[in-house]
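Here are a few exercises to work through with the coordinates open in your viewer. Try each one before you read its solution.

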Amino acid sequence: MKAFPRITFDPSVVGGKACIRGLRVTAGTIVGLLAAGRSTEEILAAYPYLEREDIDQSLAYEAWRLEEREIPLSIP
C-alpha cells in the first residue's frame, strides 16, 4: 500500500473506515464535500481541527483506491 501517514484505520473509529488522523472524519466525507462544490476553505472552516494537508491526502488516498480496483471486462 502506498504511504498515506494522515490516513488511519481503527476498527473502533467509524467502523474502520479510512479516517483523517484518527478523527471521526473520513477521507470519503472530505472527497464528497469537494464533489458537492465545497471549497477547501469552507471545509477547513467547518472542521477547524483539520489541516489543508488532510484534505490533500484524502484526495490522494481516494484517487489511489480508485486506481487499485479491478473491474472485470465483459467478453462479447
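**Exercise 1: a salt bridge across the chain**

Glu 51 and Arg 6 form a salt bridge, with 3.1 Å between the closest N and O atoms. Keep in mind that this is a predicted model. Your task: work out which parts of the chain this pair links.

Solution. Start with Glu 51, which sits in the loop between α2 and α3. Then find Arg 6 in the segment before β1 (7-8). The two are 45 residues apart, so the pair links distant parts of the chain. Last, check the cover on Glu 51: its relative accessible area is 36%, and that makes it partly exposed.

**Exercise 2: extend it to a network**

Find the salt bridge that Arg 21 makes, and say whether each partner is buried or partly exposed.

Solution. Step one: the side chain of Arg 21 meets that of Asp 54, at 2.8 Å from N to O. Step two: place them. Asp 54 belongs to helix α3, while Arg 21 is in the loop between β2 (19-20) and α1 (27-35), and 33 residues separate the two. Step three: look at accessibility. Asp 54 has a relative accessible area of 0%, and since buried means under 20%, Asp 54 is buried. Arg 21, at 34%, is partly exposed. Step four: put the pieces together. Arg 6, Arg 21, Glu 51 and Asp 54 are linked in a network of salt bridges.

**Exercise 3: from α2 to α3**

How many salt bridges does a search of the whole structure find, and which residue pairs with Glu 41?

Solution. The search gives four. One of them joins Glu 41 to Arg 52, where the closest N and O atoms are 3.3 Å apart. Glu 41 lies in helix α2 and Arg 52 in helix α3, eleven residues apart. Both ends are partly exposed: Glu 41 has 48% relative accessibility, and Arg 52 has a relative accessible area of 40%.

Now look at Thr 40, also in helix α2 (residues 40-46). Leaving out residues up to four places away in sequence, Thr 40 touches Leu 34, Arg 52 and Ile 55. With a relative accessible area of 17%, Thr 40 is buried.

**Exercise 4: classify an aromatic pair**

What kind of aromatic pair do Tyr 61 and Trp 64 form?

Solution. A pair of rings is described by the distance of the centres and the angle of the planes. Here the centres are 6.1 Å apart and the planes are at 40°. Stacked needs under 30 degrees and edge-to-face over 60, so this pair counts as tilted. Next, the backbone: both residues lie in helix α3 (residues 52-68), three residues apart, which is about one turn of the helix. Both are buried too, Tyr 61 at 6% relative accessible area and Trp 64 at 19%. Finally, zoom out: the two join Phe 4 and Phe 9 in one aromatic cluster.

**Exercise 5: the whole protein**

Describe the overall layout and the charge balance of the protein.

Solution. Read along the sequence, the pattern is β-β-α-α-α, with three helices and two strands. The C-alpha trace spans about 50 × 30 × 20 Å along its principal axes. Of the 76 residues, 26% are buried. For charge, count 9 positive and 11 negative side chains; the centres of the two sets are 4 Å apart. The accessible surface comes to about 5,300 Å², and 55% of that belongs to carbon and sulfur atoms.

Definitions and conventions
Residues are numbered from 1 along each chain as its sequence is written. This is a predicted model: local features need pLDDT of at least 70, side-chain atom pairs count only at pLDDT 80 or more; totals for chains, interfaces and linings use all residues. Side-chain values use heavy atoms; hydrogens and water are left out. Rings of Phe, Tyr and Trp (its six-membered ring) pair if their centres lie within 6.5 Å; planes under 30 degrees apart count as stacked, over 60 as edge-to-face and the rest as tilted. Helices (H or I, at least four residues) and strands (E, at least two) are DSSP runs, numbered from the N terminus. Buried means under 20% relative accessible area, exposed over 50%, partly exposed in between (1.4 Å probe, protein chains only). Accessible areas come from the Shrake-Rupley method with a 1.4 Å probe; for residues, only the protein chains shown count as cover. Lys and Arg count as positive and Asp and Glu as negative; His and the chain ends are not counted. The place of a charge is taken as NZ of Lys, CZ of Arg, CG of Asp or CD of Glu. Contact means heavy atoms within 4.5 Å.
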